[in-house]
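Trainee: Before we talk about individual contacts, could we look at the chain together and go through it step by step?

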Amino acid sequence: YKFGQMGDVLEARNDIYHGDYPMDPGIVRSFPDGSKFITSKSGSIFDKSLLFDRYIDLYADNADFAFNNNGSIIYAAKPESKRIDAIEYPSLSKVKSYNTKWIPFKIFRNGTTIVKAGMSTPGDQYTYFLVEKIEL
């Protein structure tokens, strides 16, 4: 959508796939140059015209994504295995994994650090939300 100064909709777009590729409004990150975005647990990548590019992994369970400065590395938070993978883009080769102490659900890159919001083990009497820093 494109909105005017008064909040009126100036432009609206619809994807041509209508459910062919996983999308999730709770997991959406723009590439640093704004040319693409990544969404869903699968890591579906679309260009800004909403054309599908590729998946990171169709059957993955990613919770969130972050990028290096130029978007050539995608950091993928993997809650089931308590780690963050560094994945080269566009080749999708995994170049490194970072183990986390807590289950990652949101990640942010700040220079050479990944700041991760995580939670303690679900099913415990209390669930705690914790912040962890990982040096890249």
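Mentor: Let us start from a definition: a salt bridge is a side-chain nitrogen of Lys or Arg within 4 Å of a carboxyl oxygen of Asp or Glu. Please keep in mind throughout that this is a predicted model.

Trainee: By this rule, to how many salt bridges does the count come?
Mentor: The criterion asks for a nitrogen of Lys or Arg within 4 Å of a carboxyl oxygen, and one pair that meets this is Arg-83 with Asp-85, at 2.7 Å from N to O. With the rule applied, the count of salt bridges comes to five.

Trainee: With which residue does Asp-64 form a salt bridge?
Mentor: The closest N and O atoms of this pair are 2.8 Å apart. The pair links distant parts of the chain, with Asp-64 in strand 7 and its partner in strand 3, 35 residues apart. The partner of Asp-64 is Arg-29.

Trainee: Is Asp-64 buried or exposed?
Mentor: The cut-off for buried is under 20% relative accessible area, whereas Arg-29, with 22%, is partly exposed. Asp-64 has a relative accessibility of 1%, so this residue counts as buried.

Trainee: Which parts of the chain does the salt bridge between Lys-41 and Asp-61 tie together?
Mentor: The closest N and O atoms of Lys-41 and Asp-61 are 3.5 Å apart. Lys-41 is partly exposed, with a relative accessible area of 44%, and Asp-61 is partly exposed as well, with 23%. The two residues are 20 residues apart in sequence, so the pair ties together the loop between strand 4 and strand 5 (44-47) and the loop between strand 6 and strand 7.

Trainee: What is the order of the strands in the open sheet of four strands?
Mentor: The pairing in this sheet is antiparallel, and strand 7 pairs with strand 8 (residues 73-78) over four bridges, with Asp-64 standing opposite Ala-77 in strand 8. Strand 7 and strand 10 (94-99) are the edge strands, each pairing on one side only. The order is therefore 7-8-9-10.

Trainee: By how many degrees are neighbouring strands of this sheet turned against each other on average?
Mentor: The sheet in question is the open one with antiparallel pairing. With direction ignored, the average turn between its neighbouring strands is 20°.

Trainee: Are the rings of Tyr-21 and Tyr-55 stacked, edge-to-face or tilted?
Mentor: Planes under 30 degrees apart count as stacked and those over 60 as edge-to-face. The ring centres of Tyr-21 and Tyr-55 are 5.9 Å apart and the planes stand at 55°, so the pair is tilted.

Trainee: Which residues form one aromatic cluster with Tyr-21 and Tyr-55?
Mentor: Tyr-21 lies in the loop between strand 2 (9-11) and strand 3 (28-30), and Tyr-55 in the loop between strand 6 (52-54) and strand 7 (64-67), 34 residues apart. The cluster that holds both of them also takes in Tyr-17, Phe-37, Phe-46 and Phe-52.

Trainee: What is the distance in space between Phe-37 and Lys-48, C-alpha to C-alpha?
Mentor: Phe-37 has its place in strand 4 (residues 36-39), and at 17% relative accessibility this residue counts as buried. Among the residues that Phe-37 touches are Phe-46, Asp-47 and Leu-50, not counting residues up to four places away in sequence. Phe-37 and Lys-48 are eleven residues apart in sequence, and their C-alpha distance in space is 7.1 Å.

How values were computed: Residues numbered from 1 in each chain as written. Predicted model: local features only at pLDDT ≥ 70, side-chain atom pairs only at ≥ 80, totals over all residues. Heavy atoms only, no water. Phe/Tyr/Trp six-rings, centres within 6.5 Å; stacked < 30°, edge-to-face > 60°. Buried < 20%, exposed > 50% of the residue type's maximum accessible area, 1.4 Å probe, protein only. Contact = heavy atoms within 4.5 Å. Pairing = 2+ DSSP bridges. Axes fitted to C-alpha atoms, helices over the stretch in contact; angles between N-to-C directions.
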